[in-house]
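Student: I have this one open and want to go through it piece by piece. Can we start with a loop and then move inwards?
Tutor: Fine, put it up.

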Amino acid sequence: MGRSSRTNPKVAVLMGGPSAEREVSLSSGRECATALVGEGFEVVELDAGPDLYARLSEINPDVVFNALHGRWGEDGCVQGVLEWMRIPYTHSGVLASALAMDKQRSKDVFRTAGLPIADSVILPKADVMADHVMKPPYVVKPNNEGSSVGIYLVMEGTNTPPQLSDDMPDQVMVEQYVAGRELTVTVMGDRALTVTEILTDGWYDYDAKYKPGGSWHVLPAEIPSEIFELCLDYAMRAHKVLGCKGVSRTDYRWDDTKGRDGLFLLETNTQPGMTPTSLVPEQAEFRGLSFGQLCAWMVEDASCDR
């Protein structure tokens with residue numbers, strides 16, 4: 001890490017941006033910026049817009065802490081700008097970011113690596129609204145947005161196909177619905193931290209993730225040791241096969257009536273939420289790292305050519 005011999009490295013925290021997850025990113029970014037100041041770094045908060053190149057040239061940071069979520073900030077685009085400018089940055093590089101953001105292509109990679117995934121297809125939005133394209137229950141979601149933005153759950157016995165909102169893309173993913181429990185694992189560098197179970201009163205949607213009281217976490221998850229170890233192993237393998245760097249988070253559904261055959265990997269998130277109550281910082285704290293120490297580790301881990 002580092003572009004100069006400054007005692008206190010200057011860190012530009014990228015946040016906001018134009019994606020559907022702007023508000024979550026602003027929250028993550030502010031929390032990370034505050035934590036990094038507490039760890040002794042010189043910090044500049046930067047709301048990432050079309051003038052990103054000019055603003056970074058002006059700030060001349062030693063490191064960029066990427067707290068963006070969703071498209072543009074998470075799909076390889078900003079990573080490409082940072083590589084071009086030769087500014088060390090956190091999280092995954094261009095290829096891993098682009099691959100993980102494309103749910104269908106990342107599933108192809110997971111399948112090749114022998115990781116268990118739910119069946120899915122990419123289809124025109126119009127076809128999905130015209131008729132059931134898969135036997136219910138199934139889920140309809142964008143192929144390249146995160147944080148459960150625009151997710152439709154079509155349950156068994158539903159007669160009519162889902163009527164998707166205008167802001168859903170022209171091509172959508174239709175995925176077999178996996179019943180069961182929500183589990184997640186953080187990978188930090190070369191180790192998987194632990195397993196958290198996420199409990200909600202209903203569907204784990206955007207509100208459940210980000211609104212107070214929307215969900216609660218059981219840490220570590222109270223599940224059989226075999227499933228616990230499989231979750232850790234699959235997360236590490238997913239991180240490696242996608243080529244992720246720094247921190248990633250892999251999400252699962254587990255049907256506990258089917259044992260190991262009921263465990264399915266849903267997706268790997270290369271830019272997981274980073275407020276102190278988010279899943280990743282919770283797991284790091286469980287492993288003895290404060291929020292500030294986690295953020296500092298990510299800055300120290302930053303590089304180009306990721």
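Student: Where is N144 placed?
Tutor: In this predicted model, N144 sits in the loop that runs between β5 (138-142) and β6 (152-154).

Student: Is N144 buried, exposed or partly exposed?
Tutor: Its relative accessible area is 26%, so N144 counts as partly exposed.

Student: What does N144 touch, leaving out residues up to four places away in sequence?
Tutor: R71, M101 and K103. The C-alpha atoms of N144 and E74 are separated by 9.9 Å, and these two residues are 70 apart along the chain.

Student: M101 belongs to α4, I think. Which residues of α4 are buried?
Tutor: A96, S97, L99, A100 and M101. Those buried residues pack against α3 (77-85), α5, α8 and β12.

Student: Now the interior. How many residues does the largest nonpolar core have?
Tutor: That core has 27 residues. L183, V195, I223, I227, C231, Y252 and L263 have the most contacts inside it.

Student: Which elements give two or more residues to this core?
Tutor: The helices α4 (94-101), α5 (103-112) and α8 (225-242) do, along with the strands β8 (181-188), β11 (247-254) and β12 (263-269). The most comes from α8, with 10 residues.

Student: And what lies apart from it?
Tutor: Another core, of 26 residues, which includes C32, A67, M274 and C295.

Student: Back to α8. How far does it reach?
Tutor: From first C-alpha to last, the 18 residues of α8 reach 26 Å, close to the 26 Å expected at 1.5 Å a residue. Just after α8 comes G243, with a positive phi of about 85°.

Student: Which residues of α8 are buried, and what covers them?
Tutor: The buried ones are I227, F228, L230, C231, L232, Y234, A235, M236, A238, H239 and L242. Their cover includes the helices α4 and α5 and the strands β8, β9 (191-199), β11 and β12.

Student: At what angle do α5 and α8 pack?
Tutor: At about 115°, with the axes 10 Å apart. That angle makes α5 roughly perpendicular to α8. The contact is made by S106, V109 and F110 from α5 and by A238, V241 and L242 from α8.

Student: Is the crossing left-handed or right-handed?
Tutor: Right-handed, as α5 passes α8.

Student: Over to β11, then. What is Y252 in contact with, beyond its neighbours within four places in sequence?
Tutor: Y252 is in contact with R181, E182, L183, T184 and V185, then with C231, Y234 and A235, and also with L263, F264, L265 and L266.

Student: And T250, buried or exposed?
Tutor: T250, which lies in strand β11, has 0% relative accessibility and so counts as buried. Beyond neighbours within four places in sequence, T250 is in contact with L183, T184, V185, A235, A238, L265, E267 and T268.

Student: Last one: how do helix α1 and helix α10 pack?
Tutor: Helix α1 (residues 22-38) and helix α10 (residues 291-301) pack at about 90°, with 8 Å between their axes. They are therefore roughly perpendicular to each other.

Student: Which residues meet there?
Tutor: From α1, E31, C32, A35 and L36; from α10, F291, G292, C295, A296 and V299. Of these, C32 and C295 are among the residues of the 26-residue core mentioned earlier.

Notes
Residues are numbered from 1 along each chain as its sequence is written. This is a predicted model: local features need pLDDT of at least 70, side-chain atom pairs count only at pLDDT 80 or more; totals for chains, interfaces and linings use all residues. Side-chain values use heavy atoms; hydrogens and water are left out. A nonpolar core is a set of buried Ala, Val, Leu, Ile, Met, Phe, Trp, Tyr and Cys residues joined through side-chain atoms within 4.5 Å. Buried means under 20% relative accessible area, exposed over 50%, partly exposed in between (1.4 Å probe, protein chains only). Helices (H or I, at least four residues) and strands (E, at least two) are DSSP runs, numbered from the N terminus. Contact means heavy atoms within 4.5 Å. The expected span of a helix is 1.5 Å times one less than its number of residues. Axes are lines fitted to C-alpha atoms, for helices over the stretch in contact, and angles run from 0 to 180 degrees between N-to-C directions. Angles under 35 degrees count as roughly parallel, over 145 as roughly antiparallel, 65 to 115 as roughly perpendicular and the rest as oblique. A crossing is left-handed if the near helix is turned anticlockwise from the far one by less than a right angle, and right-handed if clockwise.
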